[in-house]
Amino acid sequence: MSVLVHANKPNKLALFAAVTTALVITSGCQSLKTANATNQPSTTLQGQNAEQPQKLENFNITGKIGVTMPANDTTGTQGGSAFYAWGQQNDRFAIELIGALGIGKTNIEYNGQTATLVSEKTGTLTADDPETLLKKATGWQAPISQMPYWISGRPAPSDSAPQLDDQNRLISSVNGEWSASFTYKGSDKLPNKISAVLPQGNKVVMTINH
């Protein structure tokens, strides 16, 4: 039986305030803002001379994330969903999740070296990387480290086999066992949906409001 977690859609301003506070790293307390993608020449992808957007170093996004786990011998397919706000400054980020995949309201922070998760159910947990931390807290798997690149509409440095559409937008890429696909609204250069799957059936679907 599927396990679904429902939550009221969070107040965007409240979530932005939370992630911005968590990411204050200078005395000026400059608030995060969404950065528009700018194009620069890049290396050839799949034999095409294409211009790929820069990785967004600073951004605020909101949306919904859904995670599905494959069935095993004792349970059917399991899943969970959460509304999120994600604030990024260079290699640092803070994510606030509402209806967080079965563990309640959750905050995840990464300072470039250590990831910290705080939730009502788990308390405070730490790990060297956000993927290990999420799996430790929830049992779910998600390619979090690749997301800042994918959110920017470009492959991560460790990706292989990126594919572009006729507008030179990234539509699919592979990272290890993860296969990712990207959906765009109209002629937008940044994706509004990312889906990533593993061969054994794990799936992550993330909608994005830039």
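**Exercise 1. Ser195 and its strand neighbours**

Ser195 has Val205 as its bridge partner in β13. The model used here is predicted. Task: find which strand holds Ser195, which residue of β11 is bridged to Ser195, and whether Ser195 counts as buried or exposed.

Solution.
- Step 1. Ser195 belongs to strand β12, which covers residues 193-197.
- Step 2. β12 is paired with β13 in the antiparallel sense, over five bridges. The bridge from Ser195 to Val205 joins these two strands.
- Step 3. Strand β11 (residues 178-183) also pairs with β12 in the antiparallel sense, over five bridges. Here the bridge links Ser181 to Ser195 in β12.
- Step 4. With neighbours within four places in sequence left aside, the contacts of Ser195 are Ser179, Ala180, Ser181, Val204 and Val205. Both bridge partners, Ser181 and Val205, are in this list.
- Step 5. Buried means under 20% relative accessible area. Ser195 has a relative accessibility of 15%, so Ser195 counts as buried.

**Exercise 2. Positive phi angles**

Task: for Asn90, Ala161 and Gly201, state where the residue lies and what its phi is.

Solution.
- Step 1. Asn90 sits in the loop between β4 and β5. Its phi is near 55 degrees, which is positive in a residue other than glycine. Asn90 counts as partly exposed because its relative accessibility is 41%.
- Step 2. Ala161 is part of strand β9, residues 160-164. Ala161 is not a glycine, yet has a positive phi of about 55 degrees. Its relative accessibility is 39%, so Ala161 counts as partly exposed.
- Step 3. Gly201 is in the hairpin of β12 and β13, with five residues between the strands, and has a positive phi near 115 degrees.

**Exercise 3. The nonpolar core**

Task: state how many residues the largest nonpolar core has, which strand gives the most to this core, and which residues Trp86 is in contact with.

Solution.
- Step 1. The largest nonpolar core has 42 residues. Those with the most contacts inside it are Ile61, Tyr84, Trp86, Ile108, Trp150, Ile151 and Met206.
- Step 2. The strand that gives the most to this core is β3 (residues 58-69), with five residues.
- Step 3. Neighbours within four places in sequence aside, Trp86 is in contact with Phe59, Asn60, Ile61, Phe93, Ala94, Ile95, Ile144, Met147, Pro148, Ile151 and Met206. Ile61, Ile151 and Met206, among them, also appear in the list of Step 1.

**Exercise 4. The cavity**

Task: state how many cavities of 30 Å³ or more the structure holds, and describe the lining of the largest cavity.

Solution.
- Step 1. There is one cavity of 30 Å³ or more. The space in the largest cavity is about 170 Å³.
- Step 2. It is lined by 15 residues, and those closest to its centre are Ile65, Trp86, Ile95, Leu97 and Ile144.
- Step 3. Two or more lining residues come from each of β3, β4 (78-89), β5 (92-98) and β13 (203-207).
- Step 4. By type, the lining has 15 nonpolar residues, no polar and no charged.
- Step 5. Trp86 links this exercise to the one before: Trp86 is listed at the cavity centre and in the core.

**Exercise 5. The whole protein**

Task: state how many helices and strands there are, and what share of residues counts as buried.

Solution.
- Step 1. The protein has three helices and 13 strands.
- Step 2. Of its 210 residues, 43% count as buried.
- Step 3. Among contacts between residues at least 6 apart in sequence, 44% join residues at least 24 apart.

Notes. Residues numbered from 1 in each chain as written. Predicted model: local features only at pLDDT ≥ 70, side-chain atom pairs only at ≥ 80, totals over all residues. Heavy atoms only, no water. Core = buried A, V, L, I, M, F, W, Y, C linked by side-chain atoms within 4.5 Å. Buried < 20%, exposed > 50% of the residue type's maximum accessible area, 1.4 Å probe, protein only. Helix = DSSP H or I, 4+ residues; strand = E, 2+ residues; numbered from the N terminus. Contact = heavy atoms within 4.5 Å. 1 Å grid on protein atoms, 1.4 Å probe; cavity = no way out; pocket = protein on both sides within 12 Å on 5 of 7 lines; lining within 4 Å. Points joined across faces, edges and corners; volume = space filled by probe spheres on them. Nonpolar A, V, L, I, M, F, W, Y, C, P; charged D, E, K, R; others polar. Pairing = 2+ DSSP bridges.
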